[in-house]
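Please open the structure in your viewer and keep the sequence panel beside it. This tour suggests what to select at each stop and then describes what is there.

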Amino acid sequence: MVYQSFMSVGIIPLDWKSAIIVPIFKKGVSSHPSNYRPISLTSVFSKLRERCIVIDMLRYLLSQNLISKLQHGFLKRKSTTTNLLQSFNDWSVNIEGRTSQDFAKAFDGVCHSKLLYKLSQYGIRGPLLNLIESFLSGRMHHTRISDELSDLAHITSGVVQGSCLGPSFSICAVY
């Protein structure tokens, strides 16, 4: 009932939009910042609401054939192996042509207004689009290292780190 009430008004509580980013060591030299992966600690209630939004959004996009047949990742029953083979082929072509591409931060700069516009053009409107807009706007986080907490930072672009919605937004941002 709580989630349905948020859907009816299209608003996500401000407390659910706050996160604490914790860097987790991957490998290599521990003094180099690029050897850490950011993990976003968010509200459990928010994560449950995100899952409901993902289900609604993907159900609609798939029913309207709005996701490319070439999309491999972040969808049920799709092969990451075929995606890897296709990517390997693309990289080989780029190496032979001596061009380079940096995919490391491909979705860090996704513009929220453009993503919302694209979703509306796909036909996602009303309470679902309002809820997605509410989810993206007013987000903020702190970074925690040991017992120290950074100043609050406001997030104005990019897909939400650690969110189950992030990959779904990425699918929409690409096409």
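In what order do the elements of the protein run from the N terminus on? The model in front of you is a predicted one, and if you colour it by secondary structure and follow the chain from the N terminus, you will read the order α-β-β-α-α-α-α-β-β-β-α. Taken together, that comes to six helices and five strands. The protein has 175 residues, of which 32% count as buried. If you consider the contacts between residues at least 6 apart in sequence, 60% of them join residues at least 24 apart.

**First stop: the core**

Select Leu 119, Ile 124, Ile 132 and Phe 169, which are the residues that touch the most other members of the largest nonpolar core, a group of 22 residues. Now add the helices around them, since the elements that give two or more residues to this core are H2 (44–63), H4 (112–121), H5 (126–136) and H6 (165–174). Which of the elements gives this core its largest share? It is H5, with six residues.

Stay with H5 and select Leu 128, Leu 129, Leu 131, Ile 132, Ser 134, Phe 135 and Leu 136, which are the buried residues of this helix. Just beyond, H5 is followed by Gly 138, a residue whose phi is positive, near 70 degrees.

**Second stop: a pair of helices**

Show H4 and H5 together, and turn the view until you can look along both of them. Their axes come within 11 Å and cross at roughly 170 degrees. How should this arrangement be described? An angle over 145 degrees counts as roughly antiparallel, and therefore H4 is roughly antiparallel to H5.

To see where the two helices meet, select His 112, Leu 115, Leu 116, Leu 119 and Ser 120 on H4, and then Leu 129, Ile 132, Glu 133 and Leu 136 on H5, for these are the residues that make the contact. Sorted by kind, the residues of this contact divide into six nonpolar, two polar and one charged.

**Third stop: a salt bridge**

The structure holds one salt bridge, and to find it you can select Arg 59 and Asp 56, whose side chains meet at 3.6 Å, N to O. How far apart are these two residues along helix H2? Because they are three residues apart in that helix, Arg 59 and Asp 56 are separated by about one helical turn. Arg 59 counts as exposed, with 53% relative accessibility, whereas Asp 56 is partly exposed, at 25%.

**Fourth stop: residues in loops**

Go next to Leu 66, which is placed in the loop between H2 and helix H3 (80–96), and which counts as partly exposed at 27% relative accessibility. Which residues does Leu 66 contact, if its neighbours within four places in sequence are left aside? They are Tyr 60, Leu 61 and Tyr 122. Leu 66 and Tyr 122 are 56 residues apart in sequence, and in space their C-alpha atoms are 7.1 Å apart.

Then select Leu 14, in the loop between helix H1 (2–9) and strand E1 (18–25). Is Leu 14 buried or exposed? At 52% relative accessibility, Leu 14 counts as exposed. Its C-alpha atom is separated by 9.5 Å from that of Ser 137, a residue 123 places away along the chain. Beyond its neighbours within four places in sequence, Leu 14 is in contact with Gly 138 and Met 140.

Met 140 appears again when you select Leu 152, which touches Met 140, His 141 and His 142, not counting residues up to four places away in sequence. Leu 152 has its place in the loop between E4 and strand E5 (153–154), and it is partly exposed, with 39% relative accessibility. Measure from Leu 152 to Ser 18, C-alpha to C-alpha, and you should find 9.4 Å, although the two are 134 residues apart in sequence.

**Last stop: a positive phi**

Finish at Ser 146, which lies in the loop between strand E3 (140–145) and strand E4 (148–149). The phi of Ser 146 is near 55 degrees, a positive value in a residue other than glycine. Ser 146 counts as exposed, at 64% relative accessibility.

Methods
Residues numbered from 1 in each chain as written. Predicted model: local features only at pLDDT ≥ 70, side-chain atom pairs only at ≥ 80, totals over all residues. Heavy atoms only, no water. Core = buried A, V, L, I, M, F, W, Y, C linked by side-chain atoms within 4.5 Å. Buried < 20%, exposed > 50% of the residue type's maximum accessible area, 1.4 Å probe, protein only. Helix = DSSP H or I, 4+ residues; strand = E, 2+ residues; numbered from the N terminus. Axes fitted to C-alpha atoms, helices over the stretch in contact; angles between N-to-C directions. Parallel < 35°, antiparallel > 145°, perpendicular 65-115°, else oblique. Contact = heavy atoms within 4.5 Å. Nonpolar A, V, L, I, M, F, W, Y, C, P; charged D, E, K, R; others polar. Salt bridge = Lys/Arg side-chain N within 4 Å of Asp/Glu carboxyl O.
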